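Visitor: I am new to this structure and would like a close look at a single part of it. Please take one helix as the starting point and follow what lies around it.

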Amino acid sequence: MEPSPEECPSLTGALLYSVLSLNVPPMFGDEILELYRLQTALLRRRRERELMERERRRRQYLRRRRAFVLSSIAAVLSLINSTSRHIWVRYRGPGQNFWSMAESFDDEEWKAQFRVSRATFNYLIELLGPAIKRRRTNYRVPIEPRRRLAITLWWFAWSGEYRSIADMFGVGIATVCTIVRQVTSAIVERLYDRFVSLPSGQRLDDTIAAFKDRCYPQCAGAIGGTHIPIAAPRNNPDHYLNRRGWHSVILQAVVDHNVCFTDVYAGWPGSTSSAAVLSSSDLYLKAEDRPDGYLFTREKSLISEGVEIPIHLIGDSSYPLKPWLMKGYSLEHQLSPEQRRFTYTLTSARSVVDIAFARLKGRWRCLLKKSDIDISMICRIVAACCVLHNICENLGDSFLPEWNTDMAPAGIYSRQPDTEPYEEDSYCTAEVIRDTLTYNLLTILQY
């Protein structure tokens, strides 16, 4: 007699457990069989996932191997194939003449064209070469670092039109703009902190001694400002109109005895006063945030008649009087002989600022001509020119006298706006320090 369908699961479960030799009564056959089916399905799904993961990894490996093979083939082809593709590179035969001739210039002609000596140029290539070098591709040969730097220096020196510079150096007009921006950024990012910094240590001692030779004691530098002409910006153009009636941004700088810049701060609109520019600068915050209110170390301070005379900067009447920033007396008041002598001595020592600005603009004429470059880039260009100025001064790359005559002889931008005197000084510690310097100047100079 055959078993009914209802009895099959029980018989199957009983048979399963008899085969597995499990000591479980046959009455639990249905439950055990269902558990067995679930375990089997779970194992099957796990196996399917493992197979799918293995296939995914195999496809990923094949894609990577294919990409590696293709990149290797492209690299080999870029080395053995010609890169002269007319569809990518435009022929600029006449434009190559100047640069090819420039390599054969003598030292005098080279300096006349690029405003730096050949030795200084090579030194800059050593510093900036890795930063301005571009990778060779299969499409074209990159412009070499020497030509990139030469294009930027030419634009700094002459501020010519991009079209004329493109023809001279055999590159595109847009390429000139791109190169100037890239090299300018490289100069600021790589060289600014190295060549522009406030003096400390032995440098500070040398600076103090040099200003003392100019008959002014305890001085670590002179501060001043100058206006850089710009095209009227789109946003708030009236803010950039200075007292002379032309648009500009302000360059505030500290200069040492070697007419090198030790602090540079540029970008404020031309209508801003010198005191407002100073109060927003890092230099001001560095001094005012210190507990003692001094900019330099107090270890080098002098004591005269019980008054501490710290190391300080010197400025003109447009700056506020601070313990770390001295200025002369206002000539609008009746001054004593000692006050007149102090004011004259300070003004004479501060002349290094005017010399530095004259050399900066005489060497790099882009700071004399109105430029339509955006404000943020103008600030980087100013900083880059200051870095190049310091490098030239440090290397003894002399400033030629005839460059002064090139400073926009008939242009309105050569006439700087008059400074606005700062008249909010009150009697304070800085006034005591200035009076002590004034009436004990000769004694302090003998320390």
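Guide: S376 has a relative accessible area of 52%, so this serine counts as exposed, the cut-off being over 50%. The model is a predicted one. S376 belongs to helix 14, which covers residues 375-394. The side chain of S376 makes a polar contact of 2.5 Å with the side chain of D374. S376 can also be placed against a residue far off in sequence: A266 is 110 residues away along the chain, yet the two C-alpha atoms are 9.6 Å apart in space.

Helix 14 also takes part in a cavity. The structure has one cavity of 30 Å³ or more, and the volume of the largest cavity is about 50 Å³. Three residues of its lining come from helix 14, which gives the most. Strand 1, residues 219-229, likewise supplies at least two lining residues. The lining is made up of W155, I228, P229, C366, L367, K369, S371, I378, I381 and V382. Sorted by class, eight of these are nonpolar, one is polar and one is charged.

One of the lining residues, C366, leads to the cysteines. C366 is buried, because its relative accessibility of 6% is under 20%. C219 is buried as well, with a relative accessible area of 0%. The structure contains zero disulfides. C366 is in none: the nearest cysteine sulfur belongs to C385 and is 3.9 Å away, which is too far because a disulfide requires two sulfur atoms within 2.5 Å.

Away from this part, charged side chains form pairs. There are 19 salt bridges in the structure. Two of them can be followed in helix 2, residues 29-80. R47 is bridged to E50, with the closest N and O atoms 3.8 Å apart; these two residues are three apart in the helix, about one turn. R47 is partly exposed at 43%, and E50 is partly exposed at 40%. R57 pairs with E53, the closest N and O atoms being 3.1 Å apart. R57 and E53 are four residues apart in helix 2, so about one helical turn separates them. R57 is exposed at 53% relative accessibility, whereas E53 is partly exposed at 29%. A network of salt bridges links E53, R56 and R57.

A further salt bridge joins D107 and R118, at 3.6 Å from N to O. D107 is in helix 4 and R118 in helix 5, so this pair ties together parts that are eleven residues apart in sequence. D107 is exposed at 53%, while R118 is buried at 17%.

Definitions and conventions
Residues numbered from 1 in each chain as written. Predicted model: local features only at pLDDT ≥ 70, side-chain atom pairs only at ≥ 80, totals over all residues. Heavy atoms only, no water. 1 Å grid on protein atoms, 1.4 Å probe; cavity = no way out; pocket = protein on both sides within 12 Å on 5 of 7 lines; lining within 4 Å. Points joined across faces, edges and corners; volume = space filled by probe spheres on them. Nonpolar A, V, L, I, M, F, W, Y, C, P; charged D, E, K, R; others polar. Buried < 20%, exposed > 50% of the residue type's maximum accessible area, 1.4 Å probe, protein only. Polar contact = N/O pair within 3.5 Å; in protein donor to acceptor, adjacent residues only side chain to side chain. Salt bridge = Lys/Arg side-chain N within 4 Å of Asp/Glu carboxyl O.
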